[in-house]
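Work through the exercises below with the sequence and the model side by side. Try each task before reading its solution.

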Amino acid sequence: GQLKTPPKLYPHGKCLADVLPPVVRVGPLTINLIKAPSLKKVQMKNRYVTPGGYFSPRHCFGRYRTAVIIPHRNRESHLRTLLYYLHPFLQRQQLHYAIFVVHQVLEALIRRKEGSRLVPGRVRGSWEPSRDTFRYLCPIDLYWYRYRRFPIFFGYRPILSDTDTFKYRTVSLNTSTAGNATFNRAKLLNIGVREALRYDDWDCLILHDVDLVPENDHNLYICDEYYPKHLSSAMDKFQYSLPYWAYFGGVSALTPDQFMKMNGFPNTYWGWGGEDDDIAMRIRLSGMSMTRTPLSIGRYKMIPHDRDSGNEENSHRHNLLSNTRKTWRDDGMNSLHFQLLSREKIQLFTNITVDIGEAP
Ligand code: UDH
Ligand code: NGS
């Protein structure tokens with residue numbers, strides 16, 4: 001992109017934002033994956049994160065609104081490690097952000113476990129940053145060269161209505177309710193986007209595997225104005241390089257517009273493999289191309305793990321991929337069906353529990 005000079009923020013001379021130093025980001029980070037921290041410890045270290053995993057810079061208006069969406073099942077320790085590193089990382093970037101975990105379970109198994117104790121609950125709590133005090137825009141620093149737009153000061157979108165209830169109060173994350181139903185990463189991401197957009201007018205959706213920890217905090221979790229962006233360009237398991245040129249797995253960033261233009265992601269990839277290649281193909285088919293974080297910055301450590309049961313290699317993936325050209329318009333956000341079991345704002349993230357059914 002071209003270097004653009006940001007327009008003057010306030011015509012009447014200097015504002016506080018010009019003299020406040022930006023929060024210090026350090027570049028390369030030290031990541032220790034030996035032991036997952038407890039949620040309590042993560043909470044203690046992130047005192048300004050409010051329920052739902054929401055944060056807004058305290059002394060200025062965040063320039064960007066970012067929703068991080070994590071597909072999840074039975075990876076609680078990975079989740080704790082990721083939250084431990086991700087919250088401070090996002091705060092140093094002065095983003096207005098929230099973290100959504102989309103959690104795959106089978107409703108039939110919950111019923112068996114919790115029986116008739118299931119009670120309807122209500123979504124409570126406000127996500128609005130306080131508007132009592134006037135705050136300046138967060139200062140721009142060198143890495144924030146691309147000016148996008150002013151945040152909206154007034155007229156925030158109405159957030160979830162009062163009548164919006166969820167069915168079941170609590171579903172444990174470390175769940176035996178996952179069963180052995182096949183995992184479906186792309187469908188969970190579609191659901192995450194749909195749900196996240198109910199909460200705020202996000203500038204950017206970050207689709208984030210639970211086992212990837214960013215290693216450089218200049219890797220900004222903001223979107224490219226024009227094209228979907230691949231953030232995890234250099235993963236340790238691929239020797240900090242790309243496994244192949246069109247690789248789009250791991251962590252990516254799309255604006256809601258870009259996401260809708262490609263009809264979201266496919267719902268039909270059950271099990272491991274191929275869905276990220278389908279997504280890369282959709283980007284092209286919908287007339288966009290892909291941008292990437294430079295290899296020196298898009299560095300990630302993967303938390304080592306074995307293949308999950310219920311996420312076996314999808315034997316149909318090559319067949320599905322050969323048909324993407326024909327199917328992408330009909331398979332995606334416009335054909336998304338699932339059962340929302342709960343929507344909970346817990347301390348470090350919003351937990352969205354869904355039953356997405358089983359592979360046909
Ligand atoms: N995921 C879950 N639970 C599952 C399966 C997948 O939460 O049961 C999510 C999680 O966010 C994960 C993402 O889906 O980061 C991608 O799945 P993955 O990490 O299994 O995929 P990856 O290609 O690994 O990274 C495949 C298994 C490699 C086994 C190598 C053995 N040495
Ligand atoms: C490709 C898969 C992708 C996968 C990538 C990396 O072969 O889904 O390998 O895999 N595509 C197909 O199978 C068609 S990894 O080394 O992370 O296990 O993301």
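**Exercise 1. Sort the residues of strand β4 by the way they point, and decide whether they are buried or exposed.**

Solution. Step one: take one direction. His96, Ala98, Phe100, Val102 and Gln104 point that way from β4. Step two: take the other direction. Tyr97, Ile99, Val101 and His103 point there. Step three: apply the burial test. A residue is buried if 20 or more other C-beta atoms lie within 10 Å of its own, exposed if 12 or fewer, and partly exposed in between, with C-beta atoms placed from the backbone. The residues on both sides of β4 are all buried. In total, nine of the nine residues in β4 (residues 96-104) are buried.

A note on the model before going on. It is predicted: local features need pLDDT of at least 70, side-chain atom pairs count only at pLDDT 80 or more, and totals for chains, interfaces and linings use all residues. Residues are numbered from 1 along each chain as its sequence is written, while chains are lettered from A and ligands numbered from 1 in the order in which they are written.

**Exercise 2. Find which strands pair with β4, and in which sense they run.**

Solution. Start with the terms. Helices (H or I, at least four residues) and strands (E, at least two) are DSSP runs, numbered from the N terminus. Two strands pair if DSSP finds at least two bridges between them.

- β1 (residues 54-55) runs antiparallel to β4, with two bridges. Phe55 has Tyr97 as its partner.
- β3 (residues 65-72) runs parallel to β4, with eight bridges. Pro71 is partnered by Val102.
- β16 (residues 350-355) is parallel to β4, with five bridges. Here Val354 stands opposite Gln104.

Last step: add the helix. β3, α3 (residues 76-92) and β4 form a right-handed β-α-β unit. Right-handed means that, with the strands pointing away from the viewer, the path from the first strand over the helix to the second runs clockwise.

**Exercise 3. Explain why Ala234 counts as buried, and list what it touches.**

Solution. Locate Ala234 first: it is in strand β11 (residues 234-235). Ala234 is buried because 22 other C-beta atoms lie within 10 Å. Next, list contacts (C-beta atoms, placed from the backbone, within 7 Å). Leaving out residues up to four places away in sequence, Ala234 touches Tyr240, Ser241, Leu295, Gly298 and Arg299. Finally, check Tyr300. It is 66 residues from Ala234 in sequence, yet their C-alpha atoms are 6.3 Å apart.

**Exercise 4. Describe the residues around each ligand.**

Solution. A residue is near a ligand if its C-beta atom, placed from the backbone, lies within 6 Å of it. Take ligand 1. Of the 16 residues around it, Arg73, Asp209, Val210, Asp308 and Asn311 come nearest. The shell of ligand 1 holds four nonpolar, four polar and eight charged residues. In this scheme Ala, Val, Leu, Ile, Met, Phe, Trp, Tyr, Cys and Pro are nonpolar, Asp, Glu, Lys and Arg are charged, and the others, Gly among them, are polar.

Now ligand 2. Pro243, Gly249, Gly273, Gly274, Asp276, Asp277, Arg317 and Leu321 surround it. This shell has two nonpolar, three polar and three charged residues. Helices α7 (275-285) and α8 (317-322) each supply at least two residues of the shell around ligand 2.

Note on methods: Two residues are in contact if their C-beta atoms, placed from the backbone, lie within 7 Å.
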